[in-house]
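Please load the model in your viewer and keep the sequence panel open beside it. We will go from one selection to the next, and at each stop I will point out what is there.

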Amino acid sequence: MAQLDNIIHQPVRLQIMSSLVSLDQNEHVNFTYLRKLLKLTDGNLGAHLSKLEQASYIKIEKTFVARKPQTFISATGKGRDAFAGHVAALKEIVEGSQTQIETNS
Amino acid sequence: MNISQEEAQASLSSVREVTSRTQRAIASAYANPLLILWGMLWIIAYTATHFYLAYAFHIFTTMAVVGGVGTAVIVWSLHSKAPIQEASSPKLGRRITMFWILLCVYIPIWLFLLAPFTGLQCNAFICTATMFAYIVMGLWFDNRFMIILGLALTAATLAGFYILRDIYCLWMAFVGGGALLGTGLYIRLRWR
């Protein structure tokens, strides 16, 4: 039986992970672009990214593009697995079974 | 902690919505300038062909060259500042580009196999094949607009072919070219 993940379950973090796992495994997204895509503020996105990074669900890389500093974010393998498990658990609930949220923070 | 079926359903809807929005954002970065370019070229070429039928070959050859160079310039310039990156271009964007390149390769193959045909048949075939690709894109991105557009333009092409032969080029300029241009503008305004 799949397990809910209470780090991912938070609505903003669920949106972040949904967006990141839509990318291919070796792709990463620009912080500013992700912020606009999810309609979040810098602070809000930054806080949730920190939480996901602490759980090793995402990787944050700071780099220079055309001499300008940029932050890129990608989902890790662990994050993708956790997200897939969370979505599977949600589907099970919708289909009628009950699932307990895994406490992993 | 338990969550209700309604909450789970809402979370799944959010996942679907964000996934779709992300994929459309990736696609739109490449698709909308190309659709606008080709829509404008389509309108110019068909309108010119209606009035200067004897120069149809030259008109469409010019359109293909300008379109090809324009496409290369757009893809190159977008790649360098893409918000989603890897060692090379985004895979989804690359798959979409590959799909359209393959279509451009297969259409001449099909035409070669189907020959002989009239100019009108050739044109109607290319238009309906392109609209088929629109429908595939619509199914791929779960986008009703592109599916409806593909079906509507297929119907419009068939109407032009069977009913409006005398003004076929003019009809296709504004229906076909207008649809490409309109789709590009729609994506630019709505998918961003």
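The tour below starts with confidence and then visits each chain in turn.

**Stop 1: confidence.** Bear in mind that this is a predicted model. Its ipTM is 0.84 and its pTM 0.60. Colour chain A by pLDDT: the mean is 86, and 90% of the residues reach 70 or more. Within chain A, the lowest confidence falls in strand β5 (residues 101-102), with a mean of 50, while helix α3 (residues 42-54) has the highest, at 95. Do the same for chain B, where the average is 82 and 86% of the residues score at least 70.

**Stop 2: chain A as a whole.** Switch to a cartoon of chain A and you will find four helices and five strands. Following the sequence, they come in the order β-α-β-α-α-β-β-α-β. Of the 105 residues in chain A, 36% are buried. Consider the contacts between residues at least 6 apart in sequence: 64% of them in chain A link residues at least 24 apart.

**Stop 3: helix α4 of chain A.** Select residues 77-94, the 18 residues of this helix. From first C-alpha to last they span 26 Å, close to the 26 Å expected at 1.5 Å a residue. Now show the side chains of the buried residues of α4(A), among them A:Phe83, A:His86, A:Leu90 and A:Ile93. Why do the buried residues line one face of the helix? Looking down the axis of α4(A), you will see that they fall within an arc of 160°, so they share one face. Rotate to the other side of α4(A) and you meet A:Gly77 and A:Ala84, both exposed. Just after the helix, click on A:Gly96, which has a positive phi, near 120°.

**Stop 4: the largest nonpolar core.** Next, select A:Met17, A:Leu20, A:Tyr57, A:Ile58 and A:Ile73, the residues with the most contacts inside the largest nonpolar core, which has 31 residues. At least two residues of this core come from each of α1 (11-21), α2 (31-37), α3, β4 (68-75) and α4 of chain A, and from α1 of chain B. The biggest contribution is that of α4(A), with six residues. Centre on A:Leu20 and look for its contacts beyond four places in sequence: A:Val29, A:Ile58, A:Ile73, A:Ser74 and A:Ala75. Apart from this core lies another, of 27 residues, including B:Trp42, B:Phe141, B:Tyr168 and B:Cys169.

**Stop 5: chain B as a whole.** Bring chain B into view, with its six helices and one strand. Their order along the sequence is α-α-β-α-α-α-α. Buried residues account for 30% of its 192 residues. Among contacts between residues at least 6 apart in sequence, 69% in chain B join residues at least 24 apart.

**Stop 6: two helices of chain B.** Select residues 5-51, helix α1 of chain B, and pick out B:Arg24 within it. Is B:Arg24 buried or partly exposed? It is partly exposed, because 19 other C-beta atoms lie within 10 Å, and a residue counts as buried at 20 or more. Draw a distance from the C-alpha of B:Arg24 to that of B:Ile187: they are 8.8 Å apart, although 163 residues separate them along the chain.

Finish at residues 119-140, helix α4 of chain B, whose 22 residues reach 32 Å, close to the 32 Å expected at 1.5 Å a residue. Its buried residues include B:Cys127, B:Met131, B:Tyr134 and B:Met137. The buried set covers an arc of only 135° around the axis, so it sits on the same side of α4(B).

Note on methods:
Residues are numbered from 1 along each chain as its sequence is written. Chains are lettered from A and ligands numbered from 1 in the order in which they are written. This is a predicted model: local features need pLDDT of at least 70, side-chain atom pairs count only at pLDDT 80 or more; totals for chains, interfaces and linings use all residues. A residue is buried if 20 or more other C-beta atoms lie within 10 Å of its own, exposed if 12 or fewer, and partly exposed in between; C-beta atoms are placed from the backbone. Two residues are in contact if their C-beta atoms, placed from the backbone, lie within 7 Å. The expected span of a helix is 1.5 Å times one less than its number of residues. The arc is that of the directions from the helix axis to the C-beta atoms. pLDDT is the predictor's confidence in each residue, from 0 to 100. A nonpolar core is a set of buried Ala, Val, Leu, Ile, Met, Phe, Trp, Tyr and Cys residues joined through C-beta atoms within 7 Å.
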